[in-house]
Amino acid sequence: MSITKDALLRFNLTDVEVIKKSRKYQGFFALDEYQLRHKIYAGGYSKVLTREVFERGDAVALLPYDPITDCIVLIEQFRLGALRSKTGPWQLELIAGMFSENEVALDVAIREAKEEANLDVAPENVIKVMDYLSSSGGMSECIHLYCACVDSEHISGVHGLETEGEDILVHVVTRQDAEKLLAEGKIANAATIIALQWLALNLDKLKANWK
């Protein structure tokens with residue numbers, strides 16, 4: 001007998017009381033402060049807690065996969081948040097982007113594929129992988145993860161929007177090489193790690209469907 005998430009979790013959104021919410025910073029991103037309390041497992045409610053949440057909006061990430069050549073399209077770009085990481089600020093990662101006003105996730109995936117890798121992706125060749133929270137302990141961001149069937153034969157070059165300061169180098173690598181990079185710890189981006197592991201688990205089904 002399978003156990004659903006709803007059956008397993010003890011509490012839900014109705015068990016949280018937000019007493020006050022105030023914006024502490026507004027720039028390209030935002031920071032909100034919450035005063036709240038929530039039910040606890042021993043019974044009753046917690047004390048009133050003060051917590052900050054980083055509000056950066058939701059984003060979409062896309063894994064382009066070529067089932068004919070068994071290759072993956074990855075991009076390389078500078079990431080300030082990785083400046084003090086062991087892998088350095090230039091990261092190998094998926095095509096990704098944030099939502100513009102009135103956009104849906106699939107539209108973002110298709111738009112970003114063109115902007116960041118000059119990839120023309122048809123909606124019928126895109127499948128949903130999952131939605132996940134990047135770091136729910138202090139950030140609200142939800143990542144909408146997709147995989148697309150692409151022709152990677154002529155994909156190369158440097159792309160991105162100059163108006164957004166983007167300088168993006170495109171790589172086409174074999175799936176085996178991508179897995180090797182992952183195993184060696186040379187891919188540190190969470191969305192890329194999740195997508196490559198998902199691909200390894202679903203490869204046979206994916207190839208059968210796309211052929």
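## Close-up views of a predicted model

**View 1. Surroundings of Cys-147 in the predicted model.** Once residues up to four places away in sequence are set aside, Cys-147 touches Leu-62, Leu-63, Tyr-65, Asn-125, Val-126, Ile-127, Val-129, Trp-198, Leu-206 and Trp-210. Apart from Cys-147's core lies another core, of 19 residues, which includes Leu-62, Ile-95, Ala-148 and Val-150.

**View 2. The largest nonpolar core, which has 26 residues.** The residues with the most contacts inside this core are Leu-63, Tyr-65, Ile-72, Leu-94, Cys-147 and Leu-199. Two or more residues are given to the core by each of E4, E5, strand E8 (126-133), strand E9 (142-149), H3 and H4, and H4 gives the most, with eight residues.

**View 3. Helix H3 and its buried residues, Arg-175, Ala-178 and Leu-182.** These three buried residues lie on the same side of H3, because they cover an arc of only 60° around the axis. They pack against strand E4 (59-66), strand E5 (71-78), strand E11 (168-174) and H4, whereas Lys-180 and Ala-183, on the other side of H3, are exposed. What is the phi of Gly-185, the residue that follows H3? The phi of Gly-185 is positive, near 75°.

**View 4. Ile-187 in the loop between helix H3 (175-183) and helix H4 (190-210).** Is Ile-187 buried or exposed? With a relative accessible area of 3%, which is under the 20% that marks the limit for a buried residue, Ile-187 is buried. Leaving aside neighbours within four places in sequence, Ile-187 is in contact with Leu-74, Leu-92, Ala-178, Leu-181, Leu-182, Thr-192, Ile-193 and Leu-196; of these contacts, Ala-178 and Leu-182 are also listed among the buried residues of H3. From C-alpha to C-alpha, Ile-187 and Val-18 are 38 Å apart in space, and 169 residues separate them in sequence.

**View 5. Glu-33 in strand E2 (residues 30-38).** Glu-33 has a relative accessibility of 19% and therefore counts as buried, the limit being under 20%. Not counting residues up to four places away in sequence, Glu-33 touches Lys-20, Lys-21, Ser-22, Lys-24, Thr-50, Arg-51 and Glu-52.

**View 6. Val-158 in strand E10 (residues 158-159).** Val-158 is exposed, because its relative accessible area of 52% is over the 50% that the term requires. When residues up to four places away in sequence are not counted, Val-158 touches Asp-167, Ile-168 and Leu-169. Val-158 and Asp-204 are 46 residues apart in sequence, and the distance between them in space is 32 Å, C-alpha to C-alpha.

**View 7. The whole protein, with four helices and 11 strands, as the setting for the close-ups.** The C-alpha trace spans about 60 × 50 × 35 Å along its principal axes, and of the 211 residues of the protein, 38% count as buried. Among contacts between residues at least 6 apart in sequence, 54% join residues at least 24 apart. The protein exposes about 13000 Å², of which carbon and sulfur atoms supply 53%. How far apart are the mean positions of the 23 positive and 32 negative charges of the protein? These two mean positions are 11 Å apart.

Definitions and conventions. Residues are numbered from 1 along each chain as its sequence is written. This is a predicted model: local features need pLDDT of at least 70, side-chain atom pairs count only at pLDDT 80 or more; totals for chains, interfaces and linings use all residues. Side-chain values use heavy atoms; hydrogens and water are left out. Buried means under 20% relative accessible area, exposed over 50%, partly exposed in between (1.4 Å probe, protein chains only). Contact means heavy atoms within 4.5 Å. Accessible areas come from the Shrake-Rupley method with a 1.4 Å probe; for residues, only the protein chains shown count as cover. Lys and Arg count as positive and Asp and Glu as negative; His and the chain ends are not counted. The place of a charge is taken as NZ of Lys, CZ of Arg, CG of Asp or CD of Glu. The arc is that of the directions from the helix axis to the C-beta atoms. A nonpolar core is a set of buried Ala, Val, Leu, Ile, Met, Phe, Trp, Tyr and Cys residues joined through side-chain atoms within 4.5 Å.
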